[in-house]
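Work through the exercises below with the sequence and the 3D view open. Each task is followed by a solution in steps.

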Amino acid sequence: MESMIHDMAERLFRDHVSHGLRADAAAGQCPETLWTRIEEAGLHMALVPEEAGGFGVPAAEALGLVRIAGAHGLPLPLAETLIANAVLAGGGLALPRGRLTIAEGAALRLERRGGALHASGHMAMVPFARWADRIVTIVALDGVDHVLSLPVKDLTVTPAQDLAGMPRDDVAVDLALTDADAAPAHRSMGGMRGLGALVRSLATAGALETILRMSVEYANDRVQFGRPIGKFQSIQQYLATLAGETAAARAAAEMAAGSYDTAAFALTVAAAKSRSGEAAQTVGALAHQIHGAIGYTEEHALHHFTKRIWSWRDEFGTELDWNRELGRAALSSPHDTFWHFITDSTAQGVLT
Amino acid sequence: MTLTAFPPPPSGADHNDLRQEVRAFLAEELADFSPEKRARSWNGFSRDFSRKLAQRGWVGMTFPEEYGGHARSALERYVVSEELLAAGAPVIAHWIADRQSGPLILAKGTEEQKRAIVPRIAAGELCFCIGMSEPDSGSDLAATRTVATEVEGGFRVNGTKVWTTYAHVADYMILFCRTGKSDDRHGGMSQLLVDLKATKNIQISPIIDLAGEHHFNQVIFDDTFLPSDALLGEKGEGWSQVMSELAFERSGPERFLSSFALIEELIRLLRIDATEAQQAEIGRLSAHLMVLRQMSRSVAGMLNEGNNPALQAAIVKDLGALFEQDIPRLARSLISRPAVPGGRDSYAAVLAYTELAVPSFSLRGGTREILRGIIARGLGLR
């Protein structure tokens, strides 16, 4: 797909996301200058409608930015800010400047106290919370999904991190909300869990492509027994398996991205998170096997990508969580046959 | 485009009206077709069924109308194909002709060949087989020894083909053989169109498979005369012609739906009652199937655009074979019920049939090792 915003992102990340920048970020340093460049390019607004300040590109194209960010191991909440802005715009809330993040709302309690809304509870593993200005989440109140925009300065953030050293913080919430920070969501997209699963699937697909490229390069360059190790059939079989899993992860993630905002999203995102997580397992193992001992060092770039794909499996539902959900849907579906369930799973009715 | 990019199938690829028509047709035609028969997947042979399907316009769908086709898109053909496979319809009598021989003749054949053969394929009247493997040429197709020597008015063919599926009933074979010498290992090969019903000195004998079934044959050409107009395409271009067929052969839904009858049996039983662990395994299976189908439909979209996505097709076949071969293991891990060949319990009978069928899935149409070698080279390994 030819895409101006993809080319723009590709150039920006290629020029500015280095091994050193990823290492510094893992050591706790937020790459502020790079974020400014992303904001200047407007990438963080790509998923909101044109009238709200977006580019007016199709959602699948805007979401493609997440795959590209994943391919570069971008240590910033671009995916989170994209989704947060789209959800805020959907709820008719103001789009604040700055970095935003997203969190599942299931652990929060939303209630009316007097005339005002009040949110309370704990959220674990909130991505980049300490680097973000606001946390956007979706919480049900009286059966209606509400979008909340929580200012991080009013929350209690306890730092924690994922396998790749990226901030995944514990957040305690006890906050009265103004009308500017809470509104009914314009429609249900299965809450923040599905949207988070979507962006983690896309980022995984991107990271897998980078891991595949690194593995092919290494197999071509590394000489043992007098020839590049890529000449050995066992290594070729590993690489072919790696390519197949990478292709499947990308097809899965793009299938879900293509059904964003349609009735097919609930099942396609389940398939995407499950399939990309499974691919991460296989690809991570094979890539390290191909790279040998050097790939197991801090010095080599491979771990920035393998640790990310391993971590992303655990956010917004694991493979097991999504497999159960998809399996329950398949086994309890009203369709005559499993086949009818499968063909309908990707059929895109309009979400109401 | 990178090897790992499978562009989404074009919007509107669902063709729901067509799908419902095919389902209604199959419900009627296969009303008495047992699960065990469905388990034979695309190996089921019925000329009667193929003709009826053709009468509905569902054979040769993508062929031009002037050759008896229906000028439908590759995506519409895809919908019909996957519905046939999911139902376990007996399709092999027309399958190979519809999938690759017809398109090959349309692309490379003479006007006479096209007019003589393609309309009969579209009518569901012609069964094709593919003469590729030989006793000393399996994965190594370039080791082909069968020779067609030019003589007055045509060719004399000598050699032996093996594993030729349904040669004993087929009307035509597309024969891959040597027609000249070449320094290039892939040179000097040609494809010849063999009228199996009208040609003398061809000996076809059965090779029984481990399930006791007769699909394979040995086909011996013993000074067999073929007329000049048997040549299909360019002389000496056989290798590249065969390679251009592979994307059609390797990317379709038959590369991941071969065990589908067992999946339906398994899910029928689990629907009554399933633990969370069983639900999760069915979810994982569903995710794999949804994604394979997306990738396979993506290749159909690329074929429809006139591209040759041979590498993407190899990926679909490799992943698809892993999936369909894994179904008996999965079934055994979820339900404890022994496999019984021909058993009255349809789950047990289908499990037995499928267990014996699955080893062939990563052999036919290019072995797993060959496919992975192709994929690895496509990745840019030097």
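**Exercise 1: the two chains**

Chain A has 11 helices and 10 strands, where helices (H or I, at least four residues) and strands (E, at least two) are DSSP runs numbered from the N terminus. This is a predicted model, in which local features need pLDDT of at least 70, side-chain atom pairs count only at pLDDT 80 or more, and totals for chains, interfaces and linings use all residues. Residues are numbered from 1 along each chain as its sequence is written, while chains are lettered from A and ligands numbered from 1 in the order in which they are written.

Task: describe the make-up and overall dimensions of each chain.

Solution.
- Step 1. Chain B has 12 helices and eight strands.
- Step 2. The C-alpha trace of chain A spans about 80 × 55 × 35 Å along its principal axes. For chain B the spans are about 70 × 50 × 45 Å.
- Step 3. The radius of gyration is taken over C-alpha atoms, and the globule rule is 2.2 Å times the number of residues to the power 0.38. For the 352 residues of chain A the rule gives a value near 20 Å, and the chain has 21 Å, which agrees. For the 382 residues of chain B it gives a value near 21 Å, and the chain has 21 Å, which agrees as well.
- Step 4. A residue is buried if 20 or more other C-beta atoms lie within 10 Å of its own, exposed if 12 or fewer, and partly exposed in between, with C-beta atoms placed from the backbone. In chain A, 55% of the 352 residues count as buried; in chain B, 51% of the 382 residues do.
- Step 5. Two residues are in contact if their C-beta atoms, placed from the backbone, lie within 7 Å. Of the contacts in chain A with a separation of 6 or more, 73% join residues 24 or more positions apart. The corresponding share in chain B is 74%.

**Exercise 2: the side of chain B that touches chain A**

Task: state which elements of chain B take part in the contact and which gives the most.

Solution.
- Step 1. The contact takes 45 residues from chain A and 42 residues from chain B.
- Step 2. In chain B, the elements that give two or more residues to this side are α8 (260-272), α9 (276-304), α10 (310-334) and α12 (368-378).
- Step 3. α9(B) gives the most, with 16 residues.
- Step 4. By class, this side of chain B has 23 nonpolar, nine polar and 10 charged residues. Here Ala, Val, Leu, Ile, Met, Phe, Trp, Tyr, Cys and Pro count as nonpolar, Asp, Glu, Lys and Arg as charged, and the others, Gly among them, as polar.

**Exercise 3: helix α9 of chain B**

Task: check the span of α9(B) and describe its surroundings.

Solution.
- Step 1. The expected span of a helix is 1.5 Å times one less than its number of residues. The 29 residues of α9(B) should therefore span 42 Å, and its end C-alpha atoms are 41 Å apart, which agrees.
- Step 2. Because 25 of those 29 residues are buried, α9(B) is largely enclosed by the rest of the structure.
- Step 3. After α9(B) comes B:G306, whose phi is positive, near 85°.

**Exercise 4: two helix crossings between the chains**

Task: decide how α9(B) and α10(B) are oriented towards their partners in chain A.

Solution.
- Step 1. Axes are lines fitted to C-alpha atoms, for helices over the stretch in contact, and angles run from 0 to 180 degrees between N-to-C directions. Angles under 35 degrees count as roughly parallel, over 145 as roughly antiparallel, 65 to 115 as roughly perpendicular and the rest as oblique.
- Step 2. Helix α10 (residues 319-331) of chain A packs against α9(B) at an angle of about 90°, with the axes 6 Å apart. α10(A) and α9(B) are therefore roughly perpendicular to each other.
- Step 3. Residues making this contact include A:W322 and A:R324 of α10(A) and B:E276 and B:R284 of α9(B). Its residues divide into eight nonpolar, five polar and six charged.
- Step 4. The axes of helix α7 (residues 233-258) of chain A and α10(B) come within 10 Å and cross at roughly 95°. α7(A) and α10(B) are therefore roughly perpendicular to each other.
- Step 5. This second contact is made by A:A240, A:A243, A:G244, A:A247 and A:A248 of α7(A) with B:I315, B:D318 and B:L319 of α10(B). By class, six are nonpolar, one is polar and one is charged.
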